[in-house]
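User: Could you take a close look at how the helices in this protein pack? I am new to this, so please walk me through it slowly.

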Amino acid sequence: MLADYHMHTEFSDDSTCPMEKAIQTAIAKNFDEICFTEHIDYGVKTDLNCDCQKYLEKFTYYQKLFSPQIKLKFGMEFGMQTHTINQFAKIFASYPLDFIILSCHQVDNLEFWNQAFQQGKTQQKYNELYYQEILKIIQQYKDYCVLGHLDMINRYDQKGIYPFNKVFDLVNEILKQVINDHKGIEINTSCYRYGLKDLTPSVEILKLYKKLGGDIITIGSDGHDVDQYGFKIQETKQILKDLGFKYIYTFDKMKPIAHTI
């Protein structure tokens with residue numbers, strides 16, 4: 001099974017790639033299945049959020065058109081904050097979703113990529129607040145499939161990678177909650193194109209997840225254009241196998257499906 005479970009197209013504010021072109025690219029790269037995960041980030045993007053109805057209409061059209069060649073799944077990436085949970089609950093109730101990535105892209109409406117969240121805080125403070133926000137969200141919200149790029153804060157930490165042992169207790173609690181709720185985590189292969197020295201999430205987090213009994217893992221490129229779709233997914237599957245994981249997962253109507261690596 002070769003699947004990319006984190007793809008953005010013209011329906012995400014940070015991509016201009018037509019959905020049809022993304023599908024054709026995946027077919028050319030011999031993917032069996034892909035899942036579109038268009039962005040919604042209440043509290044930050046306002047009018048830039050995905051037009052869900054138009055997204056569904058175009059997805060449905062292409063799903064039928066390309067069904068003999070590739071399996072397409074309808075997903076979204078929820079960039080959630082504790083104060084936006086109710087807004088996402090309404091979206092979930094309104095659309096026939098196969099898959100949801102629950103991500104944390106901002107806290108208190110302050111984004112990470114532009115350093116607005118980190119500004120005026122110590123490295124310890126913004127790292128702790130980041131993981132605390134994720135933990136509070138998943139303690140309250142359950143309609144998701146996997147946590148996206150769990151240690152994404154590392155991508156935008158201009159002070160370097162904060163030592164894992166200093167956030168171990170928080171990450172441990174997050175992973176225990178994920179496992180208890182029968183959810184999963186993703187490996188986000190954007191780590192390669194961002195030039196990070198580790199996976200996202202880190203190998204340490206993956207080992208801890210496995211030690212705690214975690215099993216459900218998806219792999220996604222977080223791609224926004226043709227040169228990014230499917231990037232390093234095959235190689236990442238091998239890394240998972242070397243770490244002792246036996247399966248990667250796809251989803252159908254929010255239900256996990258295991259595939260032997």
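Analyst: Happy to help! Let's begin with one term: a residue is called buried when its relative accessible area is under 20%. Please keep in mind that this is a predicted model.

Let's start with helix H4, residues 123-140. At 1.5 Å a residue, its 18 residues should span 26 Å, and the end C-alpha atoms are 27 Å apart, which agrees. The buried residues of H4 are Gln-123, Tyr-126, Asn-127, Tyr-130, Tyr-131, Glu-133, Ile-134, Leu-135, Ile-137 and Ile-138. What do they pack against? Their partners are helices H3 (85-94) and H5 (168-180), together with strands E4 (99-103), E5 (106-107) and E7 (146-147).

H5 leads us on to another helix, H7 (residues 203-211): the axes of H5 and H7 come within 10 Å and cross at roughly 45°. That angle makes H5 oblique to H7, and the crossing is right-handed. On the H5 side, Phe-168, Val-171, Asn-172, Leu-175, Val-178 and Ile-179 meet Ile-205, Leu-208 and Tyr-209 of H7. Sorted by class, this contact has 8 nonpolar residues, 1 polar and no charged ones.

Now for another pair. Helix H1 (residues 19-28) packs with helix H2 (residues 52-65) at an angle of about 40°, and their axes are 11 Å apart. H1 is therefore oblique to H2, and H1 passes H2 in a right-handed crossing. Here Met-19, Glu-20 and Ile-23 of H1 meet Tyr-55, Lys-58, Phe-59 and Tyr-62 of H2. This contact has 5 nonpolar, no polar and 2 charged residues.

Key. Residues are numbered from 1 along each chain as its sequence is written. This is a predicted model: local features need pLDDT of at least 70, side-chain atom pairs count only at pLDDT 80 or more; totals for chains, interfaces and linings use all residues. Side-chain values use heavy atoms; hydrogens and water are left out. Helices (H or I, at least four residues) and strands (E, at least two) are DSSP runs, numbered from the N terminus. The expected span of a helix is 1.5 Å times one less than its number of residues. Buried means under 20% relative accessible area, exposed over 50%, partly exposed in between (1.4 Å probe, protein chains only). Contact means heavy atoms within 4.5 Å. Axes are lines fitted to C-alpha atoms, for helices over the stretch in contact, and angles run from 0 to 180 degrees between N-to-C directions. Angles under 35 degrees count as roughly parallel, over 145 as roughly antiparallel, 65 to 115 as roughly perpendicular and the rest as oblique. A crossing is left-handed if the near helix is turned anticlockwise from the far one by less than a right angle, and right-handed if clockwise. Ala, Val, Leu, Ile, Met, Phe, Trp, Tyr, Cys and Pro count as nonpolar, Asp, Glu, Lys and Arg as charged, and the others, Gly among them, as polar.
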